[in-house]
Amino acid sequence: TKENLGLPVGTTLDRFIKRKQDDFPYATGELSQLLRDIALAGKIINREITRCGLINLAGAFGATNVQGEEQQKLDVVANIRFIRALRNGGEVCAIISEEDEGIIDLENPNGKYVVAMDPLDGSSNIDVNVSIGTIFSIYRRKSAPGGPITDEDVLQKGSEQVAAGYLLYGTSSILVYTTGYGVNGFTYEPSLGEFFLSHQSLKSPEDGKIYSVNEGSYNTFEPAVKEYIEYCKSREFSGRYIGSLVADFHRNLMKGGIYFYPASAKAPNGKLRLVYECNALAFIAEQAGGAATDGHQRILDITPTKLHQRTPLFIGSKKMVEQAGHFFKQAT
Ligand code: AHM
Ligand code: MG
């Protein structure tokens, strides 16, 4: 199958992408190039992140900022880097980003793809040396090339993604992505500047014993959510919450678990954004054999009506997501 390429662990990302492309005789190579552009921007961001604690010390060890610019916040830097990489690459006509209110028109009239992204997620962890991530979704443009970008291009259902992935900047940095034929992970080797295949055909454990939720809002969760949390406790599951979606998701993908960000009094639709946070991870979860819902329906089936729309999210091991769903069903 196209899922299992039989490429050995240690294959570089570039070679892997090339081999995948060769499996599709009519592929033009544009999606492949787009994935490479994202990987390159990821390397640059990784570099900025690992140095960020030193930036205020720059004077102390003799390094100066060439332009003498004031150092910008990392999430802003990451946004700029991704936009630049995708504009220069030429395959993308528009970006939807957590960092920008409106659609970013890249003025690449022939770009066939639209990218939705959160350039640096986990804002509360950026300044405190805790893992953070980048999330991206790739869609095919629906409107005719050359014309204006339309709502139809940017408000597609998650099920229409052609590829999606994330970068986790953690103890190691890893790029995990899918094009709809399974999920693969590539660990970054900083001294060589390369991503190497390290996690082939990733599969989510069907069931797990970790639950990840910010329980601080427990008192204002819906009864179904409270009951599910009590269920997790009655089974003595481990509570693990980093507060960086990518990091919490990745751990649960490796070990078996569920992440959820439900509706609460403070956040009536949850906190997370459908278009550039939830859809990409939902696609990966499903491709790895897991599941993602808003408590009632599949995340990938929701038609967005706004760029920055929020949704409750329950994501991870299939049986756990189903179990959480049972409590909602009982409540109705
Ligand atoms: P952000 O986009 O401002 O970084 O917010 C998203 C983050 C997720 O990474 C994380 O899971 C969640 O917010 C944590 O929120 P809270 O602090 O409310 O638990
Ligand atoms: Mg975010």
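**Exercise 1. Pairing of β3 and β4**

Task: Find which residue stands opposite valine 114 in β4, and describe how strands β3 and β4 are joined.

Solution. Step 1: Valine 114 has tyrosine 139 of β4 standing opposite. Step 2: β3 covers residues 113–121 and β4 covers residues 132–140; the two run antiparallel and are joined by 7 bridges. Strands here are DSSP runs of E with at least two residues, helices are runs of H or I with at least four residues, and both are numbered from the N terminus. Two strands pair if DSSP finds at least two bridges between them.

The model is predicted: local features need pLDDT of at least 70, side-chain atom pairs count only at pLDDT 80 or more, and totals for chains, interfaces and linings use all residues. Residues are numbered from 1 along each chain as its sequence is written, while chains are lettered from A and ligands numbered from 1 in the order in which they are written.

**Exercise 2. The sheet of 8 strands**

Task: Give the strand order of the open sheet formed by 8 strands, name its edge strands, and state which strands α2 touches.

Solution. Step 1: The order is β2-β1-β3-β4-β5-β6-β7-β8, with mixed pairing. Step 2: β2 (104–105) and β8 (194–199) are the edge strands, each pairing on one side only. Step 3: Helix α2 packs on this sheet and touches β1 (92–97), β3, β4, β5 (163–169), β6 (173–178), β7 (183–189) and β8. Contact means that the C-beta atoms of two residues, placed from the backbone, lie within 7 Å. Step 4: The direction of α2 makes about 15° with that of β5. Axes are lines fitted to C-alpha atoms, for helices over the stretch in contact, and angles run from 0 to 180 degrees between N-to-C directions.

Step 5: At the edge, β7 and β8 pair in the antiparallel sense over 5 bridges. Glycine 185 has histidine 199 in β8 as its bridge partner. The hairpin of β7 and β8 has 4 residues between the strands, and glycine 193 takes a positive phi near 70° there.

**Exercise 3. Helices packed against α2**

Task: Work out how α1 is oriented to α2 and how α2 and α3 are oriented to each other.

Solution. Step 1: α1 (residues 13–22) packs on α2 (residues 30–51) at an angle of about 165°, with the axes 10 Å apart. That makes α1 roughly antiparallel to α2. The classes are: under 35 degrees roughly parallel, over 145 roughly antiparallel, 65 to 115 roughly perpendicular, and the rest oblique.

Step 2: α1 meets α2 through Leu13, Asp14, Ile17, Lys18 and Gln21, with Ser32, Leu35, Arg36 and Ala39 on the α2 side. These residues divide into 4 nonpolar, 2 polar and 3 charged. Ala, Val, Leu, Ile, Met, Phe, Trp, Tyr, Cys and Pro count as nonpolar, Asp, Glu, Lys and Arg as charged, and the others, Gly among them, as polar.

Step 3: The axes of α2 and α3 (residues 74–89) come within 9 Å and cross at roughly 155°. The two helices are therefore roughly antiparallel to each other. Among the residues that meet are Leu40, Ile44 and Ile45 in α2 and Val77, Phe82 and Leu86 in α3. By class, this contact has 12 nonpolar, 2 polar and 3 charged residues.

**Exercise 4. The shell around ligand 1**

Task: State which residues lie around ligand 1 and which elements each supply at least two of them.

Solution. Step 1: The residues are Glu98, Asp118, Asp121, Gly122, Ser123, Ser124, Asn214, Gly243, Ser244, Leu245, Asp248 and Lys271. A residue qualifies if its C-beta atom, placed from the backbone, lies within 6 Å of the molecule. Step 2: β3 and α6 (245–255) each supply at least two residues. Step 3: By class, the shell has 1 nonpolar, 6 polar and 5 charged residues.

**Exercise 5. The sheet of 5 strands**

Task: Give the order of the open sheet formed by 5 strands and explain why one side of β10 and of β12 is left without a neighbour.

Solution. Step 1: The order is β10-β9-β11-β13-β12, and the pairing is mixed. Step 2: β10 (238–239) and β12 (291–293) stand at the edges with a single partner strand each, so one side of each has no neighbour in the sheet. Step 3: β12 and β13 (residues 313–316) run antiparallel and are joined by 3 bridges. Alanine 292 stands opposite isoleucine 315 in β13.
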